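Me: Got a minute to go through this one with me? I'd like to start with a hairpin and work outwards.

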Amino acid sequence: MRQTKPPLKTLLTLCLFLLPATLFAWELPYPAEIHGFVDLRAGSRLQSDKYQRDTSLLEARLQLEYSHQFDAATLQLRGDLLADEVTSGESLDLQTGDGIFDLREANLVFSPTESSDLKIGRQILTWGTGDLLFINDLFPKDWQAFFIGRDEAYLKAPSDALLLSLFPAWATIDLALTPLFDSDRYISGERLSYWNPQLGRVAGRDAVSDAERPDNWLQDYELALRLTRNIAGYELAAYGYRGYWKSPAGFNQTSGRASFPRLNTYGASLRGSLQGGIGNAEFGYYDSRDDRSGTDPLRPNSELRYLLGYERELARELTAGGQFYLEQLLDYGSYRQSLPAGQQPRDEYRQMLTLRLTKLLLQQTLTLSLFGYWSPSDQDFYLRPTVKYKLTDALLLTAGGNLFGGQRRDTFFGQFADNSNIYAGIRYSF
Amino acid sequence: MNKLLLLMLLLLPVTVQAAPSADEIVAKANRAAYYAGKDGRADVSMTITAPNGQTRDRQFTMLRLTDQGEDQKFYVYFQAPADVRKMAFLVWKNVGKEDDRWLWLPALNLKKRIAPGDKRTSFVGSDFFYEDVSGRGVAEDNHHLVEETDSAYLLRSEPKDAGSVEFAWYQVWIDKQTFLPLKAIYYDRQGQAYRQIEALKVAVIDGHPTVVEARASDLRAGTSTLNSFSNVKYDTGLSAQIFTERFLRRPPREVQ
C-alpha cells in the first residue's frame, strides 16, 4: 500500500505558507473577501473492472480562496476541502492531494526590483504551447484527476516552488526552483487500473504502485528555466529543465519498486498567427541522465519530442484545433537489444494526433466540446466529450466522459480501457 | 491685395459650409469613440437580459493604451461572476490585420492564446461584439452620408467584403458636436433590422465626451445588454508593460 511519508515536508510546507500570513497578520483589519465554489461530482465506469469499483468518482469539494494585496506584496491562498468517497479514509498528504484537504495555492508575490517578480510558496506553474500535450512543461500534472472527470483545471497539480521572473527589455526570464522534487499525481492503480510491466498484465487495487520518490531536500531539487520573447505577436521561447521523469518511468530492482530516474530537458517553441488561426511548434530533447547509452532496460532512453499545432475558428462560436505529436526514442537499437524477452517493444517513433472541437451556444451559456487523442503507432485513443451549461451566473452543470480504447493493453491509452467512465457534476461559485 | 481679398471671399463660404465627407465623419467618430486620450480606464458593469427577463451580470475593468499609430492594447480584468473572477483578457489590436488575443486562466496559471477568428461574435456572452469593444476598422466599410440634421449625421455603411460579416449594411447616427456614434442599426440581407446599439448617456470626462451607458439589443433573439461605465479616467500614464504576460500573471494595481 501507499508509503507513509515523513511529515517533514508537509510541516515545512505549512510553515512556509503560514509564515507570510503571520508576518502580515497585523495588517489584516481590511475586510477579507473569500471566494470559491462548491462542486459535487459523480461518475461511473462503463464496464466492470475486476481491480476497481464501478464508481469512478463520487465527491464533494469546497474551494475557498482568499487574496490580499499589501503595500508591496500579494498573498494568495486557495485550498479545497474534499470528501472523496472513492478513496475515503486516506490520510492527509499535501503532496499527492490525498485526504480531506488539497492545498492548491499559498504564495506571496512581490517585486524585489522594478523589473523582477518573485513568487514564493505553493503555486500552479504552466508553460509551453501544447494543448493537453506537454513537452517543456515539466511541472506536476494530476493524471488521475484528468482521467476520472474532475474539472480540467485539476490536471495541473501544485508545485512548492520559488519562481523568479526577470523582465529585461529584450525578453522575459522565468526560473522556477522546486527545492524538493514534485512528481506527477500519477496513475498508481488506486482508482484507475494501469499496465504493470512487472506483472505483465493490467493491475489496479491489487498492485498499487508505490514509487520511490527522490526525497532529499535541496539535493533532489528541480530547476526549470524559460526564456520568452514576443516579436510582433509571435511568441518565441527556449526552455531548460533539470530534475526527474515526472511519473515513475523506471524500476529499482533492489527494492522492487518503481522509480523516478533523473531527467534533463532542453527545448524551444514558437506560437503566432498563421492563416487566420494560431499555429504553434514545440520541440524538446529529453536527456535521460540515468540511461544515456540506452542500454538499461529498467530506465527510459533519451527522447526527442516534437509538436505541431493549429487552431482556428471554423464558424461562428465553433473552434477547431489539431495537433501532431511525435516521440522519437533515441538509441533504439540498444533499447531493443536490452529489452527483456517477452516484453512488447515500443515503437521508435510514437505518433499522436489530437483534435479539439468547441461549440458555444445559447449566448455562450452552453459549451459542447470534444477533445480526442489518437495514436496511429500505438493504435489507441482517448476521447473527452464534455457538455457545460451555465444555468445562472453562479450555477454550472457539467457532464462528460473519458473513453479509452486500443488494440493492446500495454499502450499508453490502451491500458486504461477498463477505466472508461462517464460523469456529471454541479458547481456553485461564489 | 484686392485679388487676395477676392480669393478669400470666394473660399470663405466653401470652408464654412462644406459638410465633411462621410469618410471624414467616420474617421472622427472612430477617434472620438475609441481613441480619447493616450490611454484610458473604466470599470464596466454589464447586465445581460434574456427574453424571459432573467439577467446575468459581468463586472470588469478595462484598460486601453494607444500604441503606435492606430494600434491599441486592451487589458480586461474580470471581477464577476465568480467563475470568471480574476480572469484577464489581453488584446493587441492591429489595424488592418488580425488582432493578437490572449486569455489568462488563473486556476491553470495559463496564458491561453485565442484564435483570431470572427470579431463579430459575442463578447463574454453579451449582445456586444468584440468589435464593439475594440472598434471596427474604418476602412472595412464604404460609408455614405445619408442625411444631416441639426444635431447629427446619419451614415449608411456597407461592408467591402460582404462575406466577412453578418450584416448587409448598418446605419449610424453620429453627434455633430462630439462625433460620438449615438445609435447604430444593423440590417440583414432581407433588409430587416436585427441589431441595435445605443449610447444612452454621455458625460464629459477629463475633457473627452464619453459614452457612460450603452445598450446593445439583439432584435431577433429579444436579448439586450446594458453597459454602465464608471471611474472613467484618461491619460493616467498607463505603462505599456501592463499589456504583457507579467501583468496577466500578476494583475496591476490599476485593475484592482
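Me: How many residues sit between strand 14 and strand 15 of chain A in their hairpin?
Reply: Two residues lie between strand 14 and strand 15 of chain A in that hairpin. Gln275(A) is in the turn and has a positive phi of about 50°. Keep in mind that this is a predicted model.

Me: And how many bridges hold that pair?
Reply: There are 11 bridges between strand 14 and strand 15 (residues 277-287) of chain A, with the strands antiparallel. Ser273(A) faces Ile278(A) in strand 15 of chain A.

Me: Which strand does strand 11 of chain A join through 10 bridges?
Reply: Strand 14 (residues 262-274) of chain A, again antiparallel, is joined by 10 bridges to strand 11 (residues 234-244) of chain A. So strand 14 of chain A pairs with strand 11 of chain A and also with strand 15 of chain A, if we go by DSSP bridges.

Me: Where does Leu236(A) come in?
Reply: Leu236(A) belongs to strand 11 of chain A, and its opposite number in strand 14 of chain A is Leu270(A). Leaving aside residues up to four places away in sequence, Leu236(A) touches Thr228(A), Arg229(A), Ile231(A) and Leu270(A).

Me: How far is Leu236(A) from Glu282(A), C-alpha to C-alpha?
Reply: 9.9 Å in space, with their positions 46 residues apart in sequence.

Me: Why does Leu236(A) count as partly exposed?
Reply: Leu236(A) has 15 C-beta neighbours inside 10 Å, so it counts as partly exposed. Being buried would take 20 or more, and exposed would mean 12 or fewer.

Me: OK, on to the interface. How many residues are in contact across it?
Reply: 32 residues of chain A contact 26 residues of chain B. On the chain A side, strand 14, strand 15 and strand 16 (303-315) each contribute at least two residues. Strand 16 of chain A gives the largest share, three residues.

Me: What's the chemistry on the chain A side?
Reply: It breaks down into nine nonpolar, 14 polar and nine charged residues.

Me: Switching to cores. Which residues have the most contacts inside the largest nonpolar core?
Reply: Tyr75(B), Val76(B), Tyr77(B), Ala88(B), Leu90(B) and Ile242(B), in a core of 25 residues. The elements giving two or more residues to this core are strand 1 (39-49), strand 2 (55-66), strand 3 (72-80), strand 4 (88-93) and helix 4 (245-249) of chain B. As a general point, nonpolar side chains tend to be buried together in soluble globular proteins.

Me: What does Leu90(B) touch?
Reply: Tyr75(B), Trp102(B), Phe243(B) and Leu248(B), not counting residues up to four places away in sequence. There is also a second, separate core of 24 residues, which includes Leu192(A), Tyr194(A), Met352(A) and Phe416(A).

Me: How do those chain B strands pair up?
Reply: Strand 1 and strand 2 of chain B are antiparallel with 11 bridges, and Met46(B) has Arg58(B) as its bridge partner. Their hairpin has five residues between the strands, and Gly53(B) there takes a positive phi near 90°. Strand 2 of chain B also runs antiparallel to strand 3 of chain B, over eight bridges, with Gln59(B) partnered by Ala80(B). That hairpin has five residues between the strands too, and Gly69(B) has a positive phi near 60°.

Me: And chain B as a whole?
Reply: Chain B has four helices and 13 strands. Its radius of gyration is 20 Å, close to the 18 Å the globule rule gives for 256 residues, so chain B is as compact as a globular protein of that length. The C-alpha trace of chain B spans about 75 × 45 × 30 Å along its principal axes, and 34% of its residues are buried.

Me: Same rundown for chain A?
Reply: Chain A has three helices and 22 strands. A compact globule of 430 residues would have a radius of gyration near 22 Å, and the 22 Å of chain A agrees with that. Its C-alpha atoms fill a box of roughly 70 × 55 × 45 Å along the principal axes, and buried residues make up 39% of chain A.

Me: Where is the pLDDT of chain A below 50?
Reply: Over residues 1-29 of chain A. The chain A mean is 91, and 92% of its residues reach 70 or more. That 1-29 stretch has 22 contacts in the model beyond near neighbours in sequence. Where pLDDT is low, the predicted coordinates shouldn't be read in detail.

Note on methods:
Residues are numbered from 1 along each chain as its sequence is written. Chains are lettered from A and ligands numbered from 1 in the order in which they are written. This is a predicted model: local features need pLDDT of at least 70, side-chain atom pairs count only at pLDDT 80 or more; totals for chains, interfaces and linings use all residues. Two residues are in contact if their C-beta atoms, placed from the backbone, lie within 7 Å. Ala, Val, Leu, Ile, Met, Phe, Trp, Tyr, Cys and Pro count as nonpolar, Asp, Glu, Lys and Arg as charged, and the others, Gly among them, as polar. A nonpolar core is a set of buried Ala, Val, Leu, Ile, Met, Phe, Trp, Tyr and Cys residues joined through C-beta atoms within 7 Å. The radius of gyration is taken over C-alpha atoms; the globule rule is 2.2 Å times the number of residues to the power 0.38. pLDDT is the predictor's confidence in each residue, from 0 to 100.
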